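Biologist: I would like to learn to read a model like this one. Can we go through it feature by feature?

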Amino acid sequence: MPEITILKRPREEAVITQRMFFKKTARGKVIKVLRERYLRDDISCGVDGCRACNTTAQTVLSRSGDTTHKAFPTGHYILPDTNVFLAQMDLIESNYFTPPIIILQTVMEEVRHRSLPLYSRLKALTITDERKVWVFYNEFRSETAIVREDAETPNDRNDRGIRKAAEWYNSHLTLAHPPIRGRPNLALPKVVLITDDFANRQKADKEKIPCISVRNYVDGMKNSDQLLDLLSATGSDEVEPTRAVAGRTALYTDYLPMSTLVAGVKAGQFYQGHFNANQYNYLEGTVPVPAFTKPVLLVGRENMNRAVQGDVVVVEVFNEKEWKAPTDEVIDQEATLKNDDAEDSEEEGDDRVHEHESKALRAEHTKKAPTEKQPTGRVIGIIKRNWRAYVCHIDSTSLTSSNATSLGLQTVFATPVSRLLPRIRLRTRQAPSLVGNKILVTIDRWDITSRYPEGHFVRTLGKAESKEAEQESLLLEFEVPYRPFGKAILDCLPPEGEQWVVPPKSTAAPEWRDRADLRDLIVCSIDPPGCQDIDDALHARRLTNGNIEAGVHIADVSHFVLPETAMDNEAAARGSTVYLVDKRIDMLPALLGTNLCSLRPHVERLAFSVIWEMTVEAEIVDVRFTKSVISSKAAFEYGEAQVRKDDPKLNDSLTQSIRLLNSLAQKLKAKRMAAGALNLASPEVKIHLDSSESSDPVDVEQKALHETNSLVEEFMLLANSSVARKTQESFPQTSVLRRHLPPPPTNFEKLQDILQKRKGLKLDVSSSGALADSLDKCLDPKEPSFNTLVRIMATRCMLSAEYFSSGSVSRDTFGHYGLASPIYTHFTSPIRRYADVLVHRQLAAAIGYTPLHASLHSKMHVERIMEVVNRRHRMAQMAGRASVEFYVGLALKGRNEKEKEVTEDAFVIRTFRNGLGVFVSKLGLEGLVMFKRDTQFDAENYTISVPSSDKGRPDVTISVFDKVTVRIEVEKDKNTQRGRVKMTLVSPVDSRAL
C-alpha cells in the first residue's frame with residue numbers, strides 16, 4: 001500500500017495566498033468570501049531576451065525600452081497607475097504616444113471595477129499590434145503579491161501593490177541584464193511609475209522608485225506639442241486652473257454625498273432620472289420620474305446645476321406653490337452669451353449676463369394657467385455622468401491670437417454640434433489651426449465656480465462641411481460603432497467565402513439536418529429600392545381543402561453567427577445596422593449581410609420559416625415553425641410588385657401568389673385596426689443622389705407608399721406576433737420580446753387643447769382604439785394633409801417601443817400599444833437587428849432544433865443585452881434622421897444656387913413668444929421662424945400677432961395648424977459649422993421686416 005503524506009501549509013503562507021473580502025447579496029445580507037490565490041515565480045516580465053525569467057512565453061517589450069525621452073536617455077518603460085487610465089485614456093490611445101507600457105493586473109481589475117467602457121478600451125489596447133503593451137499579473141507573482149494590512153483602505157493597498165511591482169521590475173532588470181566580464185557596465189533601462197497622485201509619488205521617491213506625473217512625462221517627449229492638448233484636467237494636481245475658475249465665487253451648489261442621495265431616493269424624499277435639456281431654451285431642462293405624470297422642470301442654470309444631457313441625476317422637488325410651466329420663448333445660448341470671454345473671469349460673472357438670463361426667465365414664467373404648471377425642482381447630485389467625446393468646433397471669436405503659427409496656450413470655447421450641450425472651455429496650443437475644423441472634445445470636469453465645463457482636445461475629424469468629416473462626426477455624435485471588422489471576427493465566416501453554397505441534400509450534410517425542403521415553393525421578396533440585405537421572402541398558395549397556405553421566410557443568420565464567438569460579440573455590441581443616405585454601417589460583415597444570408601433570387605439559401613394555414617378570411621387555422629432551404633424566384637421593389645399585381649394581363653403563379661398575399665394582408669390589417677391598432681405617421685422623404693459615386697443630392701421628395709408596402713408589413717407583423725407567443729411559452733423567464741407601453745394621458749394634453757381650441761376637434765386617448773377612431777375624425781376638408789400632420793404630432797406624444805426580457809416585467813405590460821397586440825417581438829430582420837438573432841436562437845430551441853445556449857437562460861444576461869440593443873436602436877434611428885437632414889440641407893443649398901428664391905408651403909406646429917415652429921411636409925423638414933420685433937403672444941389660444949408687412953394694415957394673427965409659405969435658405973450654422981436651413985415667412989406676412 002503506497003504511503004500518503006499530507007503536508008499542511010504554514011499559516012503565514014496562507015495569509016499571502018488567500019484573499020478574503022465581504023460582499024452584500026441582492027437581499028442585503030453580508031457574506032464573507034474567501035478565495036484561494038496560487039502564487040508562482042514563472043510569470044514573465046515581458047522584456048525581450050530576459051535571462052532571469054527563463055520562460056518561452058511571448059514577449060513584446062524591447063530590451064532597451066524607449067530611449068527618446070529627455071529624462072530617461074538610457075531607456076525606459078512606463079507603468080501607469082489606475083487613475084492615469086481613468087483620466088488620460090485619450091492620451092494613452094494617441095498614435096503619438098508610443099512608449100512601451102506595462103499594465104498591472106491590479107490596475108486592470110480596478111479599471112474594470114470603476115468603468116466598463118474604459119476597461120473595454122484598455123483591453124483593446126492590450127491586443128493591438130501597433131503598440132508595445134504588456135500585461136503583468138502582479139497579483140499571482142510571488143515577489144509582487146501583497147495582502148491588505150490592518151486599517152489600510154483598498155485604494156492604499158492597490159497603490160502599494162503598484163509601487164511594489166514597479167520596485168520589483170527595476171530590481172528584476174538588473175538580473176535580466178547581468179554585467180559581462182571584460183565589457184563596461186551598460187546603463188539599464190528604468191521602469192517609471194506614472195501617477196498624478198502627489199502622495200503616491202512622495203512614497204515612491206522615499207522607496208527610490210523612478211516616478212513622474214503625466215504632465216511632466218509628456219513635457220519631456222519629443223512630440224509634446226501634439227500630446228499636451230490631449231491631457232485631461234481631471235485628477236491632476238499640477239494643472240493650473242484657468243483664470244475664469246481660479247479665485248471665483250461659487251455659481252452652483254455642491255452636490256450632496258452619494259450615500260445621502262441614495263438614501264433620499266429610497267425614502268421618496270428625492271427623485272432619480274435622466275436629465276433632458278431643452279433644445280429651444282438652454283436655461284431649461286426636465287427630468288422624467290415615475291412619481292409624477294409630468295417630468296420635473298428645472299428652471300435656470302443654478303437649478304440645472306451642471307447637469308449635461310443624458311446624465312442620471314437626483315432632483316429635489318419644490319413645494320407645489322413654486323411649480324412653474326415650461327417656456328414659450330426661444331432662448332439661444334449663442335445669442336445670450338456671445339460676448340463671454342473663455343479666459344477672463346470678469347466677463348463670466350458680471351451682472352449683465354445674469355440679468356439677461358433672469359429677465360428671460362421672469363418673462364417666461366408669469367401669467368401661466370395653473371393646469372400648465374408641472375413639478376419644478378433642482379438637481380442636488382449626479383448618480384452617473386454621461387460624458388463622452390463630443391463633436392465640436394472652435395468658436396473663432398474666443399481666440400486671443402489668430403496667428404496660425406502661434407503655439408501659445410489659449411483658452412477657447414468648443415461649441416458642440418448638439419444644441420442640447422453647453423459650450424466647453426478648452427485649453428489648447430493648436431487653436432488657430434483648429435478653426436474651421438470638426439474636432440472631438442471630451443469633458444473632464446465642471447467646477448462650481450465655472451459657468452462652463454472644462455475639457456480637452458482629442459483629435460481632428462477634418463474640415464467642416466467636407467463629406468468625410470460630416471459623416472464621421474455624425475457617427476461619433478450618435479455613438480455608432482463604425483470600425484472595420486477585425487481579423488478575429490472575419491475568421492468566424494465560412495472559409496469558402498463567396499463560394500459558399502447550400503450543399504446538395506443528403507443526410508450527411510449538417511446544413512440539411514431537420515430542415516424542410518421548400519425550394520419548389522413560389523417564393524419572392526419585396527423590398528425598398530436598392531436593398532441588398534434581403535432579410536425576408538414570402539409565398540402563398542391555395543390548398544386542396546380550400547384554405548390558403550402563407551409563409552414568411554427569414555434569413556437563417558443564427559446558422560452562421562454562433563453564440564459567444566467574436567462575430568456574435570461584435571454584433572451584440574453594434575446592436576443594429578445603421579442606414580445613412582449614402583452609406584450603410586453593417587451589424588454583420590458584408591459577406592453575410594449582402595451575400596450568404598441575403599435571400600437573393602435564384603439562389604438556394606438557408607431560412608427560418610413561419611407557415612400558416614388560413615381561411616380565405618385570414619383566420620389562422622394552424623401555424624408551424626421550421627428551419628428550411630428556399631430558392632427565391634424573384635426580388636421585387638415595392639413599385640415593381642405593385643405594377644405586377646395590378647397588371648390584368650399577368651396571371652402566372654408568382655403574380656397569383658402576390659395577389660393572394662395582398663388579399664390576406666388587407667383582411668389582417670382590417671382586423672388589427674378593428675382591435676385598436678394605430679395608423680400613425682412620420683415624415684419620410686426620399687433623397688435623389690446625382691450618382692452612386694458622387695453622392696451629391698439633386699432633389700428631395702416624399703416617399704411613395706404602395707399597397708405592397710402594407711402587404712409586407714402585415715405579414716412581418718403576423719410573423720413577429722406568432723413567434724413571440726411560441727418563444728414566450730417555451731422560455732417564460734428569458735424570452736426576448738418587444739413592447740410599446742401606453743402613453744400617459746398627460747402626454748396628449750397639449751395636443752388635445754390645441755385641436756379643441758383651433759379646430760374644435762376632440763382627441764380621445766382613453767385607449768388605443770379610441771385614439772385611432774378620433775384620429776380618423778381629425779379632418780379638414782380644405783386641407784387633405786391636415787390629418788397626416790395630426791398623426792405626426794400624435795406620434796411625438798407616444799413613448800418609445802423597447803425590447804425586454806419576459807421575466808423582467810409583469811405579464812400585463814407585455815402588450816404593444818401601437819399595434820394593439822398582446823405580445824410582440826422582432827424576428828424578421830436578423831441581418832440588421834441583433835434582437836432578432838436572439839429570437840431566432842430561442843425559436844430554434846423552442847421547436848427542438850438545437851439546445852438553447854446557456855447565456856439565454858440567464859435573465860440578468862438577457863436584460864444586459866436588451867439595455868445595449870435598445871440604446872443602439874435609438875441611436876441608429878437618430879443617426880439616420882440626422883443623415884437625411886444633412887442631405888436635405890445640401891439639396892436645398894443646390895436649389896438656392898440655381899433658383900433665386902426657394903419657397904414651400906408649411907404648417908405651423910408651435911407658437912413661441914418670439915417665433916413659430918413650422919413643418920414643411922414636402923421635405924419632411926421642421927424649422928424655426930424667428931421674429932426680432934415685439935409681437936403679441938397668446939399662449940392660451942396658441943396664436944401670435946405680428947405687424948403687417950403693409951403699413952396701415954392691422955396686425956396679422958397666426959395660429960397653430962395655419963398653413964403658411966416659407967422662404968428657405970441655407971446658411972452656415974454656428975453650432976454644426978455646416979449648412980443650416982433658415983426659414984423666414986413669405987405669407988401671410990414677410991418676416992424679414994420683423
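Modeller: We will take the cores, a helix pair, a covered helix, a barrel and one loop residue in turn. Keep in mind that this is a predicted model.

Biologist: Start with the cores. Which residues have the most contacts inside the largest nonpolar core?

Modeller: The general idea comes first. In soluble globular proteins, nonpolar side chains tend to be buried together. Here the largest nonpolar core has 85 residues. Trp 612, Phe 715 and Tyr 834 have the most contacts inside it. Helix α26, residues 834–846, supplies the largest share of this core, nine residues. Apart from this core lies another, of 72 residues. Phe 85, Leu 91, Tyr 119 and Leu 122 are among its members.

Biologist: What does Trp 612 touch, beyond residues up to four places away in sequence?

Modeller: One group of its contacts is Ile 548, Glu 549, Ala 550, Gly 551 and Val 552. Ile 620, Asp 622 and Val 623 are also touched by Trp 612. So are Phe 715, Leu 718, Ala 719 and Ser 722.

Biologist: Now the helix pair. At what angle do α22 and α26 pack?

Modeller: About 65 degrees, with the axes 9 Å apart. Helix α22 covers residues 707–730. The crossing of α22 past α26 is left-handed.

Biologist: Which residues make that contact?

Modeller: A general point helps. An α-helix has 3.6 residues a turn, so residues three or four places apart point the same way. From α22 come Val 723, Lys 726, Thr 727 and Ser 730. From α26 come Val 839, Gln 842, Leu 843 and Ala 846. By class, the contact has four nonpolar, three polar and one charged residues.

Biologist: Next, the covered helix. How many residues of α25 are buried?

Modeller: Eight of its 10, so read here with buried as under 20% relative accessible area. Helix α25 spans residues 786–795. Its buried residues are Phe 786, Asn 787, Leu 789, Val 790, Arg 791, Ile 792, Met 793 and Ala 794. Note that Asn 787 and Arg 791 are on that list.

Biologist: What covers the buried residues of α25?

Modeller: The cover includes helices α23 and α24, and strands β32 and β33. From the other side of the pairing, the buried residues of α24 pack against α25. Those α24 residues are Ser 768, Ala 770, Leu 771, Ala 772, Ser 774 and Leu 775.

Biologist: And the barrel. In what order do its strands close?

Modeller: Five strands close in the order β14-β15-β16-β18-β17, with mixed pairing. The twist averages 50 degrees from one strand to the next. Take the pairs one by one. Five bridges join β15 to β16, and these run antiparallel. There Phe 413 stands opposite Arg 425. Two bridges join β16 to β18, and these run parallel. Leu 426 has Gly 455 as its bridge partner in β18. Eight bridges join β17 to β18, antiparallel. Arg 445 is partnered by Glu 454 of β18.

Biologist: Which helix lies across β14, β17 and β18?

Modeller: Helix α16, residues 467–477, running at about 140 degrees to β18. Strand β18 is mostly covered, with seven of its 10 residues buried.

Biologist: Last, the loop residue. Why does Leu 819 count as buried?

Modeller: Leu 819 counts as buried because its relative accessibility is 16%, and the cut-off is under 20%. Leu 819 sits in the loop between β31 and α26. Leaving aside neighbours within four places in sequence, Leu 819 contacts Arg 672, Ala 677, Leu 717 and Tyr 824. The C-alpha atoms of Leu 819 and Gly 676 are 7.6 Å apart, though 143 residues separate them along the chain.

Technical notes:
Residues numbered from 1 in each chain as written. Predicted model: local features only at pLDDT ≥ 70, side-chain atom pairs only at ≥ 80, totals over all residues. Heavy atoms only, no water. Core = buried A, V, L, I, M, F, W, Y, C linked by side-chain atoms within 4.5 Å. Buried < 20%, exposed > 50% of the residue type's maximum accessible area, 1.4 Å probe, protein only. Helix = DSSP H or I, 4+ residues; strand = E, 2+ residues; numbered from the N terminus. Contact = heavy atoms within 4.5 Å. Axes fitted to C-alpha atoms, helices over the stretch in contact; angles between N-to-C directions. Left-handed = near helix turned anticlockwise from the far one by under 90°. Nonpolar A, V, L, I, M, F, W, Y, C, P; charged D, E, K, R; others polar. Pairing = 2+ DSSP bridges.
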